[in-house]
Amino acid sequence: MDNTKVQSEGGLNVTLTIRLLMHGKEVGSIIGKKGETVKKMREESGARINISEGNCPERIVTITGPTDTIFKAFAMIAYKFEEDIINSMSNSPATSKPPVTLRLVVPASQCGSLIGKGGSKIKEMRESTGAQVQVAGDMLPNSTERAVTISGTPEAIIQCVKQICVVMLESPPKGATIPYRPKPASTPVIFSGGQAYTIQGQYAIPHPDVSSPLSFPTIQFCI
């Protein structure tokens, strides 16, 4: 892709919303102590950064603003994750630094444009940015969105996000999008002798809120 086009798009006052899927530990890193990190990111990038609520293993981080502010926010997130990797390596015998990985959540109707005819667009993105880009084959549960995983150096990720933003601006989503909402973590439940038990460590603890298997919507194990 022509870089001047990416830069001109970045300079336009186009408001975009990009959604990221993060694990709890990653979210904690972005929020920082007493929310200081996310506050700094909001102030320095100028983008709106919202983090979904809930006791879930996964959370959605929504970044909204003109494209140039989104790129700044992405840069700050990518460099923060790289810093976390470097810090974790100081206590580990690993010698090679693993890549930074971000997961975007993209309407499935836009994924075809990201992949391109015969995979041409995604191949072009990989070659021109040096980032690895993978589009999930299946939609995320109860949604019409797919995960797009980008990994590489922070610089490669930023260039890749710029190109993805251009594609998303050129090919808006078709039809209604059902957004992915992470589900709260559920504890496995065992039913035995009419009593429900949750597993905590090595022990089965009676579950007070469940009277019969029919009233609990989780996986059931028969004994």
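## Strands 1 and 3

Nine bridges tie strand 1 (residues 15-23) to strand 3 (residues 58-66), and the two run antiparallel. To pick out one pair in this predicted model, look at Leu21: its bridge partner in strand 3 is Ile60.

## The whole sheet

Zooming out, that pair belongs to an open sheet of six strands, ordered 2-3-1-4-6-5, with antiparallel pairing. Strand 2 and strand 5 (132-135) sit at the edges with a single partner strand each, so one side of each has no neighbour in the sheet. Ignoring direction, neighbouring strands here are turned by 25° against each other on average.

## Helices across the sheet

Two helices are worth a look here. Helix 2 lies across strand 1, strand 2, strand 3 and strand 4 (100-107), and runs at about 125° to strand 1. Helix 4 also lies across strand 1, strand 2, strand 3 and strand 4, and its angle to strand 3 is about 140°.

## Helix 3 and its two sides

Now for helix 3 (residues 36-45), where Val38, Met41 and Ser45 are buried. Why do they end up on the same side of helix 3? They cover an arc of only 55° around the axis, which puts them there together. As background, an α-helix has 3.6 residues a turn, so residues three or four places apart point the same way.

What do the buried residues of helix 3 pack against? Their contacts are with helix 2 (24-31), strand 2 (48-51) and helix 4 (67-89). Over on the other side of helix 3, Glu36 and Glu43 are exposed. Just past the end of helix 3, Gly46 takes a positive phi of about 85°.

Key:
Residues are numbered from 1 along each chain as its sequence is written. This is a predicted model: local features need pLDDT of at least 70, side-chain atom pairs count only at pLDDT 80 or more; totals for chains, interfaces and linings use all residues. Side-chain values use heavy atoms; hydrogens and water are left out. Buried means under 20% relative accessible area, exposed over 50%, partly exposed in between (1.4 Å probe, protein chains only). Helices (H or I, at least four residues) and strands (E, at least two) are DSSP runs, numbered from the N terminus. The arc is that of the directions from the helix axis to the C-beta atoms. Contact means heavy atoms within 4.5 Å. Two strands pair if DSSP finds at least two bridges between them. Axes are lines fitted to C-alpha atoms, for helices over the stretch in contact, and angles run from 0 to 180 degrees between N-to-C directions.
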